[in-house]
Each structure stands twice: as structure tokens, then as C-alpha cells.
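Okay, everyone, thanks for coming. I'll put the model up on the screen and then walk you through a few spots in it.

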Amino acid sequence: MLEMVVLASGRGSNFIAIQEAIAAGDVPGEIRAVISDKPAAPVLDRARDLGIPALAIDAKAYDNRAAYDAALLEAILEVGCDIVVLAGYMKIIGRDFLQALDRPVVNIHPSLLPAFPGLDAQGQAVAYGVRVSGCTVHFVDESLDGGPIIAQRVVPVYADDTADSLSARILVQEHDLYPAVLKAIAEDRVRCEGRKVTVEEEMGGIQ
Ligand code: GRF
């Protein structure tokens, strides 16, 4: 049983997809809490509606990044979890934080990394003129969207796509891929050696 803490800053559609997969019995796990750096983030209400503890740690209320990180770390450790799942969490995770946390952190990014890291990956893809994009689930290290890749899904990019239309197409894959990866982790089928991640058994898409 994989115990997770979800960190999210926004609407929380990936959180919902993960929680639905757990409720359906597809992922042997439990979301022990959702924590957001933004008190007004819709994801907090969505979590409360589902009876999942939801906590805001307002990044703006802290004097500096180290103080915020310390509060976040304390909250995660108090809740307790095997893994931290980033789902639209808009802050960079630092090396000290990762070291102190001392458990895996995973993230989903709406591009085929290492293409288009950072903000507005879908807009970057449309502006660049690529013909395919997609999403990536990866382990988090201290780099920006640069940790070892666990799995990717590919979607086409059409000539008349906007950032919004591409985002919607990618999101469908995100909602399928993230639970599939968490299921594989929960079933102890994921190994990471350096940058090389291997996943036993097919989970759809490209691993
Ligand atoms: C997703 O596109 C995800 O890939 C990115 O942020 C967005 C979060 O969406 N990291 P949601 O809050 O899960 O709906």
C-alpha cells in the first residue's frame, strides 16, 4: 500500500484522476493528504469534498524560501508517506529539501522531456512547431524537470493547435499515465539506477 502526499498549486485534475484510480481499486495506495502552497487553490476544496485531508501552507506567509520549505517538510513528515506526488505544484524542489525528505518524489510534466521544461510547456511546443508532444512522469531531482524519466505518452500536435487545445489533448493522457505509474511504484515494479528507470510489465505508452 503506497502512502502518498500530493503537492498541488492549482485545479487538481491529476489529483482527482489518481484518487479515482485508488477508489476503483486500480492503485493499491492512499492519498494521506493534499498540501498546497496556495490557500485558494481549487484542489484543496476538491480534496475536502472527497474526504481527504487538505492543508494550505501559504508560501507568501513565510519570510524566505528556507522557512517555507521547513514548514512544508514538517507537514509532510507529520502526515507521513512513502512518496511525494507533485501534481501541478508550481514551486521548484530544492536539493536540501529532497535530502531532508529522504523519500522519492515524482512529478508529471506536460511535454516530452527534455523538450520544453518549465512553464507553459504546451505553449512552448505549439510555438516551436513540433509535430508531437505529450507528457512525462519522472523522479524529481534538484534540476528543473530534469530527473530520471519513468514513462511518457505521445500526442500529435496539429497545425491549428493552441496551447489550450494541446493542453486538453495531453491532459487526457496525463490522467491515465500518472495512476499507471503510481500503480507500478506501489507494486514495486519500478527500479531506478542513475538516470535509467526500468518498469516491469507494460503500462501503456512509452516507458
Ligand atoms: C498538468 O498539466 C501537469 O502536467 C502540470 O500542471 C498541470 C496540473 O494540472 N505539472 P492539474 O492541477 O492536475 O489539473
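So, S165. You'll find S165 in helix 6, which covers residues 163-186. Is S165 buried, partly exposed or exposed? Partly exposed, because its relative accessibility is 27%, and that falls between the 20% and 50% limits. Keep in mind as we go that this is a predicted model.

What does the side chain of S165 touch? There's a polar contact to the side chain of D161, at 2.6 Å. The S165 side chain also gets to the backbone nitrogen of T162, and there the distance is 2.8 Å. For a sense of where that puts us, take P104: S165 and P104 are 61 residues apart along the chain, and their C-alpha atoms are separated by 32 Å.

Okay, over to the ligand. Which residues are around the ligand? Reading along the sequence, we've got R11, G12, S13 and N14, then G88, then I108, H109 and P110, and finally E174. By class, that shell splits into two nonpolar, five polar and two charged residues. And if you want to think in terms of secondary structure, helix 1, residues 13-23, and strand 5, residues 105-109, each give at least two residues to the shell.

Now the distances, since I know you'll ask. A polar atom in the R11 side chain sits 2.5 Å from a ligand oxygen. With G12 the backbone does the job: one of its N or O atoms is 2.8 Å from an oxygen of the ligand. I108 also uses its backbone, with a polar atom there 2.9 Å from a nitrogen of the ligand. How much of the ligand's surface does the protein bury? On its own the ligand exposes 370 Å², and 87% of that gets buried by the protein. As for pockets, the space the ligand takes up is the largest one.

Next, the loop between strand 5 and helix 5, where helix 5 is residues 121-128. I've got three residues to show you here. P114 is in this loop, and the peptide bond joining L113 to P114 is cis, with omega at about 15 degrees. F116 is in the loop too. Its phi is positive, about 55 degrees, even though F116 is not a glycine. Why does F116 count as buried? Because its relative accessibility is 14%, and the cut-off for buried is under 20%.

D120 belongs to that loop as well. What's phi doing there? It's near 50 degrees, so again a positive value in a residue other than glycine. D120 counts as partly exposed because its relative accessible area is 47%, and exposed would need over 50%.

Last stop, A87. Where is A87? In the loop between strand 4, residues 83-86, and helix 4, residues 95-101. A87 counts as buried, because its relative accessibility is 6%. And here's one more pair for your notes: A87 and H138 are 51 residues apart in sequence, while C-alpha to C-alpha they're 12 Å apart in space.

If you'd like one thing to look at again on the screen, go back to the ligand and check R11, G12 and I108, with their 2.5 Å, 2.8 Å and 2.9 Å distances. That's me done, so over to you.

Technical notes: Residues are numbered from 1 along each chain as its sequence is written. This is a predicted model: local features need pLDDT of at least 70, side-chain atom pairs count only at pLDDT 80 or more; totals for chains, interfaces and linings use all residues. Side-chain values use heavy atoms; hydrogens and water are left out. A residue is near a molecule or strand if one of its heavy atoms lies within 4 Å of it. A polar contact is a pair of N or O atoms within 3.5 Å; within protein, one must be able to donate a hydrogen and the other to accept it, and residues adjacent in sequence count only if both atoms are side-chain atoms. Accessible areas come from the Shrake-Rupley method with a 1.4 Å probe; for residues, only the protein chains shown count as cover. On a 1 Å grid over the protein atoms alone, a cavity is a set of points where a 1.4 Å probe fits but cannot get out, and a pocket is an open set with protein on both sides within 12 Å along at least five of seven lines; lining residues have an atom within 4 Å of a point. A molecule sits in a cavity or pocket if more than half of its atoms lie within 2 Å of its grid points. Helices (H or I, at least four residues) and strands (E, at least two) are DSSP runs, numbered from the N terminus. Ala, Val, Leu, Ile, Met, Phe, Trp, Tyr, Cys and Pro count as nonpolar, Asp, Glu, Lys and Arg as charged, and the others, Gly among them, as polar. Buried means under 20% relative accessible area, exposed over 50%, partly exposed in between (1.4 Å probe, protein chains only).
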